[in-house]
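Trainee: Could we go through this structure together? I'd like to know what stands behind each label.

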Amino acid sequence: MKDLLFKKIKEYDTIIIHRHQRPDGDALGSQLGLKAALEYNYPNKHVYAVGDTTKKYEFIGKMDEISDELYKNALVIICDVAVAHMVSDDRYKLAKEVFVIDHHKNDCDITTNFLQNTDAVAAAEFVASLLLEENFKFNEDIATKLLFGIITDSGRFMYGDDLSKSLLIASKLVSFGAKYKYIYDNIYVESIEDRKMSTYFSDKVVYKGNIAYIKSEKEVFDLFPVEFNDISRGMLSLMSGLKEILIWLNFTFDKEKNAIIGEFRSRNIPIVDIAKKYGGGGHLNACGATLKDWDEVDKVIEDYYNLAQENK
């Protein structure tokens with residue numbers, strides 16, 4: 001499948017790159033890193049990155065605004081997601097051909113042109129490895145974007161089944177000029193208002209046995225007019241790194257979907273099967289699910305509580 005993808009990349013003059021909604025660092029890093037690599041190695045091609053935006057990560061690059069007409073004879077590549085309903089901008093369906101590059105433990109319901117590497121800690125790592133195998137030329141911009149994706153999805157190289165490979169690829173990206181200090185200065189420095197918000201949510205953490213969790217109703221966004229991911233994923237770190245806590249969970253009401261988004265993390269304990277039980281998925285130690293109501297949330301909490309008890 002890899003050979004077919006790069007054959008198609010050579011054939012098409014227009015390439016449009018998508019990723020999942022409400023992008024995290026890896027979604028943007030893999031998408032924008034791939035775009036930059038294709039532009040650098042094929043300067044005569046027209047390459048675009050599309051999808052919703054987030055102010056938090058504007059420093060790594062911006063999205064393109066394109067017309068529907070461009071899709072008619074375009075190749076679409078979707079990064080960091082293999083599930084159709086999670087893709088940002090469903091115009092990918094208008095493309096002539098579609099490929100998916102993902103590292104999650106989910107089946108693909110978008111296309112049969114599916115490149116999957118669940119050993120990669122990030123989609124950006126998978127993209128980087130593919131580009132390296134194909135002897136692509138790298139520059140500082142490409143390397144920085146891909147390293148950004150790897151750093152964020154690995155939790156600063158804390159997660160991953162084979163970090164030796166992740167670190168090797170990261171070192172190659174640094175050798176190509178990746179601005180790692182620029183990345184860290186932008187994602188691990190916060191404002192006073194951000195710190196106040198963290199303090200508020202720290203007081204909302206519930207500790208139960210060896211798990212911790214936060215429940216956030218829709219009204220929380222009246223208190224903090226921030227982007228959804230700033231609370232849904234952003235507050236997870238408040239519960240990590242605690243000696244007694246093996247599994248930590250964050251549940252945030254999503255007004256757009258009229259549902260509750262659950263984000264689940266663990267230290268060493270595989271937790272993805274419970275996420276799949278509730279229609280979600282992801283990685284062994286980092287996953288999530290969309291839940292219909294707070295009663296279902298309580299069932300998830302109970303399942304993870306029992307799992308932690310069995311593994312403490």
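Mentor: Sure, let's start with a polar contact: the backbone oxygen of Glu244 lies 2.8 Å from a polar atom of the Asn210 side chain. Before we go on, this is a predicted model, where local features need pLDDT of at least 70 and side-chain atom pairs count only at pLDDT 80 or more, while totals for chains, interfaces and linings use all residues. Residues are numbered from 1 along each chain as its sequence is written, and side-chain values use heavy atoms, with hydrogens and water left out.

Trainee: What makes the pair of Glu244 and Asn210 a polar contact?

Mentor: The term asks for a pair of N or O atoms within 3.5 Å; within protein, one must be able to donate a hydrogen and the other to accept it, and residues adjacent in sequence count only if both atoms are side-chain atoms. Here the distance is 2.8 Å, so the pair fits within the 3.5 Å limit.

Trainee: Where does Asn210 sit, and which residues does Asn210 touch beyond its sequence neighbours?

Mentor: Asn210 is in the loop between strand 6 (206-208) and strand 7 (211-216). Helices (H or I, at least four residues) and strands (E, at least two) are DSSP runs, numbered from the N terminus. Leaving aside neighbours within four places in sequence, Asn210 is in contact (heavy atoms within 4.5 Å) with Glu244, Ile245, Leu246, Ile247, Ala308, Gln309 and Lys312.

Trainee: Why is Asn210 called buried?

Mentor: Buried means under 20% relative accessible area, exposed over 50%, and partly exposed in between (1.4 Å probe, protein chains only). Asn210 has 15%, so the buried label applies.

Trainee: And how do you know that Thr54 is buried?

Mentor: By the same reasoning: its relative accessible area is 11%, so Thr54 counts as buried. Thr54 is found in the loop between strand 2 (46-49) and strand 3 (75-79). Apart from neighbours within four places in sequence, its contacts are Pro23, Leu28 and Glu227.

Trainee: What makes Arg22 and Asp254 a salt bridge?

Mentor: A salt bridge needs a side-chain nitrogen of Lys or Arg within 4 Å of a carboxyl oxygen of Asp or Glu. For Arg22 and Asp254, the N to O distance is 2.5 Å, so the pair qualifies under the 4 Å rule. The pair links distant parts of the chain, with Arg22 in the loop between strand 1 (14-18) and helix 2 (25-41) and Asp254 in strand 8 (residues 247-254), 232 residues apart.

Trainee: Are those two partners buried or partly exposed?

Mentor: One of each: Arg22 has 21% and is partly exposed, whereas Asp254 has 1% and is buried.

Trainee: How many salt bridges does the structure hold?

Mentor: The structure holds 25. Among them, Lys2 and Glu134 meet at 3.4 Å, N to O. Lys2 lies in helix 1 (residues 2-11) and Glu134 in the loop between helix 3 (123-133) and helix 4 (140-153), so the pair ties together parts that are 132 residues apart in sequence. There is also a network that links Lys7, Lys8, Glu11 and Glu97.

Trainee: Why is there no disulfide between Cys79 and Cys108?

Mentor: A disulfide is a pair of cysteine sulfur atoms within 2.5 Å. The sulfur of Cys79 is 12 Å from the closest cysteine sulfur, in Cys108, so the two are too far apart for a bond. By this rule the count comes to zero disulfides. As for Cys79 itself, its relative accessibility is 0%, so Cys79 counts as buried.
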